[in-house]
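Subject: Structure handover

Hello,

I am passing a structure on to you, with the sequence and the coordinates together below. My notes on what was found follow after it.

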Amino acid sequence: MIVRRNYFEVIDNKLVVNDGIFRTTKIELEKIEKFCIEPGPFTASKIILKDKTTIKYSDSQINDKKLKEFLNRYSILVE
């Protein structure tokens, strides 16, 4: 079985980040302030929460345009 890293989905008003086969991170949508996409392949992008906590993720397999369209449905800013 092949599982894509950093697959995003929304389940029960929570953003689920599938980091790998056995690792997931769940974040309540209302706690997300914005996503900061880093331009280089060696720098982790970040999810910034309203309490200024950051959650890093590797976005090398994520299409930025599709991510923006997906998060726009939930009124989440992507920079």
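A residue to begin with is Thr 24, which sits in strand S3, a strand that covers residues 24-28. Please keep in mind throughout that this is a predicted model.

Is Thr 24 buried or exposed? Neither word fits, because its relative accessible area is 46% and the partly exposed class lies between the 20% limit for buried and the 50% limit for exposed. Leaving aside residues up to four places away in sequence, Thr 24 touches Val 16, Val 17, Asn 18 and Asp 19. Tyr 7 is 17 residues from Thr 24 along the chain, and the C-alpha atoms of the two are separated by 9.5 Å.

One of those contacts, Val 16, leads to the hairpin of S1 and S2. Strand S1 (residues 7-11) and strand S2 (residues 14-18) run antiparallel and are joined by 5 bridges. Within this pairing, Val 16 of S2 stands opposite Glu 9. The hairpin has 2 residues between its strands, and Asp 12 takes a positive phi near 50 degrees there.

Now the whole chain. It has 79 residues, and 34% of them count as buried. Its secondary structure consists of 7 strands and 1 helix. In sequence order the pattern is β-β-β-β-β-β-α-β, with the helix placed between the sixth strand and the last one. Among contacts with a separation of 6 or more, 30% are between residues 24 or more positions apart. The chain exposes about 5,700 Å², and 50% of that comes from carbon and sulfur atoms.

Next, the open sheet. Which strands make it up, and in what order? There are 4 strands, ordered S6-S5-S4-S7, and the pairing is mixed. At the edges are strand S6 (54-57) and strand S7 (77-78), each of which pairs on one side only. As a general point, strands of a sheet pair through backbone hydrogen bonds, in either a parallel or an antiparallel sense.

Strand S5 (residues 45-49) pairs with S6 in the antiparallel sense, over 4 bridges. Two of the residue pairings can be named: Ile 47 has Ile 55 of S6 as its bridge partner, and Ser 45 has Tyr 57, also in S6. The hairpin formed by S5 and S6 has 4 residues between the strands, and in it Lys 52 takes a positive phi near 70 degrees.

Tyr 57 also belongs to a cluster in which ring pairs link Phe 8, Phe 35 and Tyr 57. The structure holds 4 aromatic pairs. One of them is formed by Phe 8 and Phe 35, with an edge-to-face arrangement, 5.7 Å centre to centre and 80 degrees between the planes. Phe 8 lies in strand S1 and Phe 35 in strand S4 (residues 32-36), so this pair ties together parts of the chain 27 residues apart in sequence. Both Phe 8 and Phe 35 are buried.

If you open the model, three places to look at are Thr 24 in strand S3, the hairpin of S1 and S2 with Asp 12, and the ring cluster of Phe 8, Phe 35 and Tyr 57.

Regards

Notes. Residues are numbered from 1 along each chain as its sequence is written. This is a predicted model: local features need pLDDT of at least 70, side-chain atom pairs count only at pLDDT 80 or more; totals for chains, interfaces and linings use all residues. Side-chain values use heavy atoms; hydrogens and water are left out. Buried means under 20% relative accessible area, exposed over 50%, partly exposed in between (1.4 Å probe, protein chains only). Contact means heavy atoms within 4.5 Å. Accessible areas come from the Shrake-Rupley method with a 1.4 Å probe; for residues, only the protein chains shown count as cover. Two strands pair if DSSP finds at least two bridges between them. Rings of Phe, Tyr and Trp (its six-membered ring) pair if their centres lie within 6.5 Å; planes under 30 degrees apart count as stacked, over 60 as edge-to-face and the rest as tilted.
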